[in-house]
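Q: Please explain how the descriptive terms for one helix and its surroundings are arrived at. Start with what counts as a helix.

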Amino acid sequence: MKFVDEARITVQAGKGGNGCMSFRREKFIPKGGPDGGDGGDGGSVYLLADDAINTLIDFRYTRHYQADNGKNGSSRNCTGNKGADMVLRVPVGTTAIDEDTGETLGDLTENGQKLMLAMGGFHGLGNTRYKSSTNQAPTQTKPGQPGESRNIKLELKVLADVGLLGLPNAGKSTFIRAVSAARPKVADYPFTTLVPNLGVVSVEPHRSFVVADIPGLIPGASDGAGLGTRFLKHLVRTHLLLHIVDMAPFDTEVSPADNVRAIAYELDRFSPGLAQRDRWLVLNKLDLIPEDEREARCQAIIDELQWTGPVYKIAAINREGTFQISCDIMEYIEQRRIREQEDEEFARQLREEREQVEAEAREHIEMLQERRRQLRELQEDEDDDDDDHDVEVIYIRE
């Protein structure tokens with residue numbers, strides 16, 4: 001199934017049913033009075049988070065969704081039926097944004113969470129509602145109200161505690177295979193990973209966390225090179241970033257330290273807030289380096305980067321060092337969760353930081369999409385100009 005993490009849809013809630021104007025007419029009952037019933041409410045449109053779904057692909061093919069209208073009222077004080085609600089199932093981690101106002105309507109982060117996108121119209125009133133001591137035969141009714149209509153942008157961000165960063169072929173997919181039951185494709189060519197993959201790392205019973213592996217970045221990714229930075233938004237919800245470094249790259253002219261700086265630069269251009277998130281350095285593929293050279297090479301990179309954060313030296317292909325880093329990540333996440341629960345100020349700072357990163361990511365992606373659109377239009381214009389020069393048109397009057 002194709003991985004789709006963005007979709008634009010239009011939702012229309014149902015119209016409320018009209019009120020009925022009617023008078024009771026039965027044999028031997030003079031002046032029966034009004035008996036027009038109310039209409040029914042229009043149906044609303046909801047989103048429902050479902051962990052059995054992992055992509056927004058269905059919304060690429062069907063873009064317009066409308067709930068049922070409420071039924072009109074009828075005589076004998078009969079109320080019309082309410083319109084059926086429309087429930088759209090989406091993956092957990094979906095954010096709904098009103099495209100016209102830019103307002104974030106809600107964020108579905110738990111299975112079964114429900115969010116109203118458009119409210120159904122209120123029902124109309126029958127003439128019975130207007131009966132009074134001074135108006136015993138009212139002819140007034142009220143029509144049903146129209147339902148809300150909205151243009152919605154759906155954004156999916158995978159829910160993970162830890163995100164993996166690095167160049168293509170740095171060993172990110174191999175790492176996630178080593179520490180979890182996930183089995184992403186692994187090969188010896190760049191861009192083997194084309195979509196985000198999730199893996200659940202279980203350190204011991206009832207202690208686990210989720211790792212997200214995204215397609216690799218290359219220099220110039222923030223300008224659209226390679227697969228670009230569009231998948232970086234899936235790291236917005238993570239607590240920790242692991243920067244996987246290939247210690248035995250194919251291109252020996254560029255040092256691993258330069259590769260680290262290149263990815264950090266692309267990350268900062270995508271979102272300065274995300275670049276400030278806690279990041280650990282993971283030096284991978286040590287099995288390809290002679291044992292007596294490993295320590296010196298690792299220390300040289302640490303010194304060149306002037307790295308002061310945590311550093312781990314692993315060989316993911318044979319799981320060397322992966323268990324220790326998994327245990328340390330688990331400890332980090334648990335301590336963070338405890339602090340977030342006990343310290344309201346810390347929890348508030350985390351919420352503000354995530355909102356900032358989401359805004360920066362959205363702005364960058366929209367800017368990149370606009371730039372690509374302008375480039376396509378420019379190319380089309382140039383093609384049209386070339387056609388004008390290539391084709392000679394001669395008009396002949398007969």
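A: A helix here is a DSSP run of H or I with at least four residues, and helices are numbered from the N terminus. The model is a predicted one. Helix α5 covers residues 291-305, which is 15 residues. α5 is followed by Q306, whose phi is positive, near 55°.

Q: How do you know what span to expect for α5, and what span does it reach?
A: The expected span is 1.5 Å times one less than the number of residues. For α5 that is 21 Å, and from first C-alpha to last the helix reaches 22 Å, close to the expected value.

Q: What makes a residue of α5 buried, and which residues are?
A: Buried means under 20% relative accessible area. R294, C298, I301, I302 and L305 of α5 are buried. Viewed down the axis of α5, these buried residues fall within an arc of 100°, so they line one face of the helix. The face turned away from that buried side carries D292 and A296, which are exposed. Exposed means over 50%.

Q: What covers the buried residues of α5?
A: The cover includes α3 (256-270), β13 (279-284) and β14 (311-313).

Q: Why is α3 called oblique to α5?
A: The axes of α3 and α5 cross at roughly 45° and come within 9 Å. Angles under 35 degrees count as roughly parallel and 65 to 115 as roughly perpendicular. The crossing angle therefore makes α3 oblique to α5.

Q: Which residues make the contact between α3 and α5?
A: P256, A257, D258, V260 and R261 of α3 meet I301, E304 and L305 of α5. The crossing of α3 past α5 is right-handed.

Key. Residues are numbered from 1 along each chain as its sequence is written. This is a predicted model: local features need pLDDT of at least 70, side-chain atom pairs count only at pLDDT 80 or more; totals for chains, interfaces and linings use all residues. Side-chain values use heavy atoms; hydrogens and water are left out. Helices (H or I, at least four residues) and strands (E, at least two) are DSSP runs, numbered from the N terminus. Buried means under 20% relative accessible area, exposed over 50%, partly exposed in between (1.4 Å probe, protein chains only). The arc is that of the directions from the helix axis to the C-beta atoms. Contact means heavy atoms within 4.5 Å. Axes are lines fitted to C-alpha atoms, for helices over the stretch in contact, and angles run from 0 to 180 degrees between N-to-C directions. Angles under 35 degrees count as roughly parallel, over 145 as roughly antiparallel, 65 to 115 as roughly perpendicular and the rest as oblique. A crossing is left-handed if the near helix is turned anticlockwise from the far one by less than a right angle, and right-handed if clockwise.
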